[in-house]
Amino acid sequence: MQILLVEDDAEVARFVQKGLQEAGHIVEHVANGRDGLFLAAVEPFHLLVLDRMLPGGVDGLRIVETLRSQGNKTPVLFLTALGAVDERVKGLKAGGDDYLVKPFAFAELLARIEALARRPAMEVPATKLTVADLEVDLLSRTVTRGGKRIEVQPREFRLLEHLVRHAGQVVTRTMLLEKVWDYHFDPQTNVIDVHVSRLRQKVDRGFDVPLIHTVRNAGYMIRADA
Amino acid sequence: MTVSSEDAGGWRDIGAYLKSAGFRFAALFAVLFLAAMLGFALMLWWGTAGTLSRQIDDAIRADALGLQEAWRTGGVAAVREAIGERLAVDIDDHAIYLLTDEAGLRLAGNLDRWPAMPETPGSWSAEAVRRDGVVVPARLYRLPLDQGHRLLVGRDATDREKLRSLLSEALLWSFAVAVAFALAGAAALRRALADRLRAAAATASAIAAGDLSRRVPLSSQRDEFDQLGASMNAMLDRIDQLMIGIKGVSDSIAHDLRTPIARARMRLENALLSAPDAESLRAAMETTVADLDGISRVFQALLRIVEAEAGARRAAFAPFDLAAVLTDAAEVYGALAEERGLHLQTSWPDRLEMVGDRDMVLQAVANLLDNAVKFTPAGGTIRLSAGTPARGKRHVSVSDEGPGLTPEDRARAGERFFRADPSRALPGAGLGLSLVKAVAALHDGELRLRDARAGAERPGLEARLLLSSRA
Amino acid sequence: MPWVAALLLFASMPAWAQQAAPRLISDSPEYCAELAARFVALEPEAPAHLRLLADEGRQLCAEGQTRGGIAKLRRALKEAQRGE
């Protein structure tokens, strides 16, 4: 994937660029807003990672607003220290697609980037999602694996659905909280882990191949082992 | 009435003085007072001199009509007779009559000739008339009769003029006195206004200069100025509170976060110096990353608390269903409770509408549930309930079966970073209840703590979060 | 006040013009005699005190105090009229 990173802090930029390149992406980096806006408008990127506070008179918000007004629909992820709720709302309203607050875990950044990039493909409405022998029927809200019906509660269904939609990608705990429960809050203990492990019991117990994997320091992923 | 009018520029001062509210109020008072005096004077004039004038005119008119009747019945002779009769009994000696023919020759009456003054339009006129060599004022009424004859009826107006001049002189003097009173009253009013406002103005100046401990002194009158002063004081108290809150955060950050930061640093330094192999070095670094995450979350939590306390989030309040939020919270924590062997009992009505910050309320409930799960031993029960204790209020209660809090600890529970003894070993920074308190305050409510089972050895804690259901 | 205007105008006129202001003639000895005659003619049955009053009036007129005499005569006439 071709990614444009607009970040004025050299350390953060180096860290992010290295990490993303190691994950197989091509990363272009500029350190001020004006250059960022120019590049984004002129060259085709799959994704933009923007800091909000940038030198040069053009900040992250302005870049996104300008691009959107030109009809540019490239997905944008804000990476910023401005963490208050109204700042997040401002960023999303301006046209951003996701918002990650510094300090962040790289795994979270990677997971969210890949989730964003995958999205367009999945806009095609599907009624059934499949991973190996696991089948999730969105119309009847049922789960079957190897032909056998698995009973799940509604919330567990949504959890599984989200994992499957992002099959092969890391889904972090925060992402799950936001997408499956629609909340922005910080649980003191890892309550999400408990839900995932319950789901894992139902989906993987009794089958040879485990589908739900824990990714250390990151989150979870569902995939058929290669 | 400016507080600091010591700057140079005489004209500027005068301009400011004239524009000042005190001067305008005083001027208004003076104008009203003088207008009232004027009204009084006019009424008095109308009642006295005016009445006299009207009486004279009425008498003249009645007289003239009577003479006109005489003319109709008996012509010149009758009129002469009538005039003669009237004059004969005119004790006051004020009456004036004259009847002339078409040539202007006197036929009857006590005036020797028709007044030579030009005829003013209308029948009435004021003329000068001689009597015994003295000129006196007279009020005259002309009445043309047929065949060219003319009748003049009038009265000596000396008395009336005397009364008028007496009255106008008196009124003029009164007016002068009134003006003096108006000016004095205006000055007094302005002084009174300035005095009442001086306290508030002086306090405001002192505060602007940096002394934030000052408050407006209140008199015992409880009038509008005192209300203003009381409002200012309330505002200043609130600012004080906010500043203490901010200072508290800085203090907490400075004091209590130094420990985990120092710990992380020590771990890294230690690993640098003495880690036996790459593996243990990795391990040390991973632990440090986790430590830093923890510190980061404490920052986040602190900021949320301050945000909630500052009340700024009130602007984003929206209606939501509290019951739905609790259902979600119970679902999220239900799994955790189950895993620990705890029962989660729930009880609330189908819908609980309220207006507020949904995320903050969930965070508060989550913190309470978190604590309950942390402290209740395996096999125990956690109760989560909610309802409407009174009109316009909602409550969310979480009871656990842990060691509970002593009354002294309960009082300190809302302090940032406070950990009661039993919980010191458990993870958590001690900010949970602090946030719950802040959320309660944001929603015009409070947090009440008490024993879940009073008298038992392990009484457990019942945390009751009260919220206002309206914005 | 129109009288003030009239007086000012009058006062500012030359002597011959001032002569043009009308004069009340009911303060003359002739009028006194007229009133006395009227009294006698019209009130023959007048009570004693009124006739005394009229006499006093005539006396005053004869002495030259015309106004006082006329006033008394008028009072006598008025009282007599009221008595009718």
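How much space lies in the largest cavity? The answer is about 60 Å³, in a model that is predicted. This briefing treats that cavity and its lining in chain B, then the strands and helices of chain A, and finally the make-up of chains A and C.

**Cavities**

- Counting cavities of 30 Å³ or more gives three, and the largest of them holds about 60 Å³ of space.
- Residues from chain B line the largest cavity: R196(B), L197(B), A199(B) and A200(B), then V216(B) and P217(B), and further F225(B), D226(B) and G229(B).
- Two helices of chain B, α3 (158–208) and α4 (224–256), each supply at least two residues of this lining.
- Helix α3(B) gives the largest share of the lining, with four residues.
- Sorted by class, the lining consists of six nonpolar residues, two charged residues and one polar residue.

**The three-stranded open sheet of chain A**

- Three strands of chain A make up an open sheet in the order β10-β12-β11, with antiparallel pairing.
- The edges are formed by β10 (171–172) and β11 (212–215) of chain A, each of which pairs on one side only.
- Strand β12 (residues 219–222) of chain A runs antiparallel to β11(A), and four bridges join the two.
- Within this pairing, H213(A) has M221(A) in β12(A) as its bridge partner.
- Helix α6 (residues 154–165) of chain A packs on the sheet and touches β10 and β12 of chain A. The direction of α6(A) makes about 75 degrees with that of β12(A).
- Helix α8 (residues 191–204) of chain A lies across β11 and β12 of chain A, and its angle to β11(A) is about 145 degrees.
- As a general point, strands of a sheet pair through backbone hydrogen bonds, in either a parallel or an antiparallel manner.

**Strands β3 and β4 of chain A**

- Strand β3 (residues 47–50) of chain A runs parallel to β4(A), and three bridges join them.
- Across this pairing, V49(A) stands opposite L77(A) of β4(A).
- Strand β4 (residues 76–80) of chain A is mostly covered, as five of its five residues are buried.
- The residues of β4(A) point in two directions: V76(A), F78(A) and T80(A) go one way, while L77(A) and L79(A) go the other way. All of these residues are buried, whichever way they point.
- In general, side chains of a regular strand alternate between the two faces of the sheet.

**Helix α7 of chain A**

- Helix α7 (residues 173–181) of chain A has as its buried residues M175(A), L176(A), L177(A), E178(A), V180(A) and W181(A).
- Residue D182(A) follows α7(A), and its phi is positive, near 60 degrees.

**Make-up of chains A and C**

- Chain A contains eight helices and twelve strands.
- Chain A has 226 residues, of which 49% count as buried.
- Among the contacts in chain A with a separation of 6 or more, 56% are between residues 24 or more positions apart.
- Chain C contains five helices and zero strands, and its pattern along the sequence reads α-α-α-α-α.
- Chain C has 84 residues, of which 38% count as buried.
- For chain C, residues 24 or more positions apart account for 52% of the contacts with a separation of 6 or more.

Key:
Residues are numbered from 1 along each chain as its sequence is written. Chains are lettered from A and ligands numbered from 1 in the order in which they are written. This is a predicted model: local features need pLDDT of at least 70, side-chain atom pairs count only at pLDDT 80 or more; totals for chains, interfaces and linings use all residues. Side-chain values use heavy atoms; hydrogens and water are left out. On a 1 Å grid over the protein atoms alone, a cavity is a set of points where a 1.4 Å probe fits but cannot get out, and a pocket is an open set with protein on both sides within 12 Å along at least five of seven lines; lining residues have an atom within 4 Å of a point. Grid points are joined across faces, edges and corners, and a volume is the space filled by probe spheres set on the points. Ala, Val, Leu, Ile, Met, Phe, Trp, Tyr, Cys and Pro count as nonpolar, Asp, Glu, Lys and Arg as charged, and the others, Gly among them, as polar. Buried means under 20% relative accessible area, exposed over 50%, partly exposed in between (1.4 Å probe, protein chains only). Two strands pair if DSSP finds at least two bridges between them. Contact means heavy atoms within 4.5 Å. Axes are lines fitted to C-alpha atoms, for helices over the stretch in contact, and angles run from 0 to 180 degrees between N-to-C directions.
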